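User: I would like to work through this structure by question and answer. Please keep the reasoning short and end each reply on what was asked.

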Amino acid sequence: STTYYETLKGKKVGFVPLSMGFDLTEGWNAGLQNQAKALGYEVMIRDPNWNTEAGAQAANGFIAEKPDVLILHPLDMQAYNRIVQKAMAAGINVIQVNLKSVTNGDAYVGTDWYEMGVKQAEAVVAACGEGSGKNGKIAFVQGMLATPTATISGQGAQDVFDKHPEIEVVATQAADWDASKAQAITSTILKQHPDLCGILGLWDGQDIGTAAAIREAGLQDQVFLVTSGGGNQSAACDNIENGNFDAYYSYDVPGQARDLNSALKILLQTDPEPGSAPFALYTPLKYITKDTLTPSSCWTLDELKASGG
C-alpha cells in the first residue's frame with residue numbers, strides 16, 4: 001500500500017559491521033542494500049575493520065547523526081553495552097546481528113550460539129564418543145574469547161561434554177578468528193596427541209587453518225573436524241566436498257539477510273520506544289556433510305546481489 005512506502009521512504013539506517021570484505025558482512029549488506037533501494041530508504045556503512053575502538057567511534061558518530069535504526073555487529077559483548085544504551089536514550093532503535101552485547105536493544109537477528117555449541121559438540125561426540133569405536137579424544141579450537149560465539153557456544157559445548165564422560169577434551173585453545181593461528185595451534189596439538197579423534201572448530205574462516213594442519217599431519221582420515229559459518233559456497237560446501245571439513249553447521253546468510261530486512265521493516269514502520277518491545281529472530285541451522293550436500297546447500301555473493309536476498 002502507498003502508506004507502507006511513504007512510511008519507509010527517506011528513512012536512514014546506520015550499520016557498523018565487525019569488518020567488511022568477508023562473506024557474512026558482504027552477504028548481509030547485499031540484502032540490506034537491495035531492500036533499501038526497493039523501498040526508498042538509505043543504509044550507510046562504517047567499517048571498523050576488526051577494531052573494537054574504531055567500531056565504537058563509528059557507532060558514536062552515527063548516534064550523533066540520529067539515524068532511525070542502528071545495526072551493530074559487535075566483536076565484544078561488553079564493548080558496545082554503553083553504545084546500545086546511548087543509542088536508545090537518543091531515540092534510535094537498535095538491531096544487533098549475529099553477535100550481541102549484554103544489553104539487548106530492540107532486535108537480535110542471528111544464531112542462537114548456545115544451540116550452535118550444543119549441535120557442534122553433539123556432532124563430534126557422535127564421531128568420537130560411545131558407540132563410535134573411537135577413543136573419545138578431542139580438541140576445541142576456540143575463537144576470540146570475548147565474543148558471544150566463543151563464550152556462549154563454549155558453554156553449550158561444555159554442557160554436552162559433561163554428559164559424556166567418555167569424551168576427553170585434551171586441549172582447548174583460542175585462535176582469535178585467525179586461520180594462521182589456528183593452523184599453528186592445531187599443528188602443536190596433533191604433535192602432542194597423534195591419536196586425536198576429533199576437533200571442534202567455531203568458524204570456517206579460522207578453521208581453514210585447522211584443516212590445513214590436519215592435512216599436513218596426514219590425519220584427514222583419522223581426525224573429524226566440525227565447524228560452522230555463514231554457508232558461503234567457497235567457505236562451506238567446497239570444503240565439505242574436498243574433505244577439509246567433515247561436518248558444517250550453516251547459519252545461512254541469505255536467510256539472515258531476509259530476517260534483518262524484516263526486523264528493519266518492523267522497526268521503521270512501528271517506530272517503537274527504543275527497548276520497549278525487544279524481539280529475537282533466531283536463525284534455523286543447516287547441517288551440511290558429504291551425505292546431505294545439495295546444489296542449494298550454499299550461496300554465493302553474486303547470486304545474493306542479483307536475487308535481492
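User: In which loop is Tyr251 found?
Analyst: This is a predicted model. Helix H10 covers residues 253-270, and Tyr251 sits in the loop that links this helix to a strand. The loop is the one between H10 and E10.

User: Is Tyr251 buried or exposed?
Analyst: A residue counts as buried under 20% relative accessible area and as exposed over 50%. The relative accessible area of Tyr251 is 2%, so Tyr251 is buried.

User: Which residues is Tyr251 in contact with, leaving aside neighbours within four places in sequence, and how far is its C-alpha atom from that of Asp112?
Analyst: The contacts of Tyr251 include Leu24, Asn98, Trp113, Trp203, Ser228 and Leu285. Asp112 lies 139 residues from Tyr251 along the chain. The separation of their C-alpha atoms is 9.5 Å.

User: Leu24 belongs to helix H2. How many residues of H2 are buried?
Analyst: Helix H2 spans residues 23-39 and has 17 residues. Among the buried ones are Leu24, Trp28, Leu32 and Leu39. H2 is largely enclosed by the rest of the structure, because the number of its residues that are buried is 12.

User: What is the distance from the first C-alpha of H2 to its last, and which residue just after H2 takes a positive phi?
Analyst: At 1.5 Å a residue, the expected reach is 24 Å, and H2 comes close to this with 24 Å. Just after the helix, a positive phi of about 80° is taken by Gly40.

User: Which strands stand at the edges of the open sheet of six strands?
Analyst: The strand order is E7-E6-E8-E9-E10-E12, and the pairing is mixed. An edge strand here has a single partner, so one of its sides is left without a neighbour in the sheet. From one strand to the next, the twist averages 20°. The edge strands are E7 (168-174) and E12 (286-288).

User: Which strands does E6 run parallel to, and by how many bridges is it joined to each?
Analyst: Five of the six residues of E6 are buried, so this strand is largely enclosed by the rest of the structure. On the E7 side, Ala139 stands opposite Ala171, while in E8 the bridge partner of Phe140 is Leu200. E6 runs parallel to E7 with six bridges, and parallel to E8 with three.

User: Which helix makes a β-α-β unit with E6 and E7, and what is its handedness?
Analyst: The helix in this unit covers residues 148-162. The unit made by E6, this helix and E7 is right-handed, and the helix is H6.

User: Where is Met144 found, and what is its relative accessible area?
Analyst: Met144 is in the loop between E6 and H6. Leaving aside neighbours within four places in sequence, its contacts are Leu75, Ala150, Asp176 and Trp177. Met144 is partly exposed, with a relative accessible area of 24%.

User: What angle does helix H8 make with E9?
Analyst: E9 pairs with E8 in the parallel sense over three bridges, and Phe224 in E9 is the bridge partner of Gly198. Helix H8 (residues 204-216) packs on the sheet and touches E6, E8, E9 and E10. The direction of H8 makes an angle with that of E9 of about 165°.

User: Which residues cover the two faces of strand E3, and which strands pair with E3?
Analyst: Val69 and Ile71 lie on one side and Leu70 and Leu72 on the other, and all are buried. Val13 stands opposite Val69, and the bridge partner of Leu70 in E4 is Val94. Over four bridges in each case and in the parallel sense, E3 pairs with E1 and with E4.

User: Which residues touch the most other members of the largest nonpolar core, and which helix gives the most to this core?
Analyst: In soluble globular proteins, nonpolar side chains tend to be buried together. The largest nonpolar core has 57 residues, of which Tyr41, Ile71, Ile95, Phe161 and Leu264 touch the most other members. With nine residues, the helix that gives the most is H5.

Terms used:
Residues numbered from 1 in each chain as written. Predicted model: local features only at pLDDT ≥ 70, side-chain atom pairs only at ≥ 80, totals over all residues. Heavy atoms only, no water. Pairing = 2+ DSSP bridges. Axes fitted to C-alpha atoms, helices over the stretch in contact; angles between N-to-C directions. Contact = heavy atoms within 4.5 Å. Expected span 1.5 Å × (residues − 1). Buried < 20%, exposed > 50% of the residue type's maximum accessible area, 1.4 Å probe, protein only. Core = buried A, V, L, I, M, F, W, Y, C linked by side-chain atoms within 4.5 Å. Right-handed = clockwise from strand over helix to strand, strands pointing away.
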